[in-house]
Amino acid sequence: MEKWDLFDKHRNKIEKQITRGDEMTPEEFHLVVHVCIFNSKGEMLIQQRQPFKQGWSNFWDITCGGSAITGDTSQQAASRELFEELGIHYNFEKIRPHFTINFERGFDDFYLIEYDVDLNGLTLQAEEVQAVKWASKEEILKLIELKKFIPYYESFIAFLFEGRHHYGSIRL
């Protein structure tokens, strides 16, 4: 069973852990990480969720993501999730998330990296991922329109593509 550290609303770790699925109080939050890999052509590596996966079955999603487990830093969680889901080794130690989005029960850290990955060399986690492919922003938006991709805001997808080369929200 997956154990999570809990945080207060200011993202200070509190002295409490829970098992995934346990109730959290309204003052308790957890950390989730997402990694978006872009190739040198400007395409994003996307994955298709397994048909038996709870939540968004068969839908396409960004490269990878998941909850940090007890003891993980954000960077360790990103590295672990990327390796577990796709078999990709990547060192996140010297980088920080490009941005964090607060959601109702926690914090979503997003890492945007450029890395030309050979799809044939990936090891897909059978419990979570059924397929992967490279996709342009336009292809992802079309998949969202067709209700085949998790329904992120179109502007969010555009932000991922536009913001991948630098931190912040100002064009440099």
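Which strands and which helix do the buried residues of H2 pack against? In this predicted model, they pack against strand S4 (44-49), strand S5 (60-61), strand S9 (129-135) and helix H3 (154-162).

Let's stay with H2 for a moment. This helix spans residues 137-145, and its buried residues are Ile140, Leu143 and Ile144. Seen down the helix axis, they fall within an arc of 100°, so they line one face of H2. The background is simple: an α-helix has 3.6 residues a turn, so residues three or four places apart point the same way. Glu138 and Glu145 are exposed, on the face of H2 turned away from the buried side. After the helix comes Lys147, with a positive phi near 60°.

Now to the nonpolar interior. The largest nonpolar core has 23 residues, and those touching the most other members are Val35, Ile37, Leu45, Leu82, Leu86, Ile88 and Phe92. Two or more residues each come from strand S3 (30-38), helix H1 (74-86), strand S8 (106-114) and S9. Apart from this core lies another one of 20 residues, including Ile140 and Leu160.

Aromatic rings are worth a look too, with 13 pairs in the whole structure. In one of these, Phe29 and Phe107 have ring centres 5.9 Å apart and planes at 50°, so the pair is tilted. Because Phe29 lies in the loop between strand S2 (13-19) and S3 while Phe107 is in strand S8, the pair ties together parts 78 residues apart in sequence. Finally, two charged side chains meet rings: the charged end of Lys133 sits over Trp60, 4.9 Å from the ring centre, and Arg164 lies over the face of Phe38 at 5.3 Å from the ring centre.

Key:
Residues are numbered from 1 along each chain as its sequence is written. This is a predicted model: local features need pLDDT of at least 70, side-chain atom pairs count only at pLDDT 80 or more; totals for chains, interfaces and linings use all residues. Side-chain values use heavy atoms; hydrogens and water are left out. Buried means under 20% relative accessible area, exposed over 50%, partly exposed in between (1.4 Å probe, protein chains only). Helices (H or I, at least four residues) and strands (E, at least two) are DSSP runs, numbered from the N terminus. The arc is that of the directions from the helix axis to the C-beta atoms. Contact means heavy atoms within 4.5 Å. A nonpolar core is a set of buried Ala, Val, Leu, Ile, Met, Phe, Trp, Tyr and Cys residues joined through side-chain atoms within 4.5 Å. Rings of Phe, Tyr and Trp (its six-membered ring) pair if their centres lie within 6.5 Å; planes under 30 degrees apart count as stacked, over 60 as edge-to-face and the rest as tilted. A charge sits over a ring if NZ of Lys or CZ of Arg is within 6 Å of the ring centre and within 35 degrees of the ring normal.
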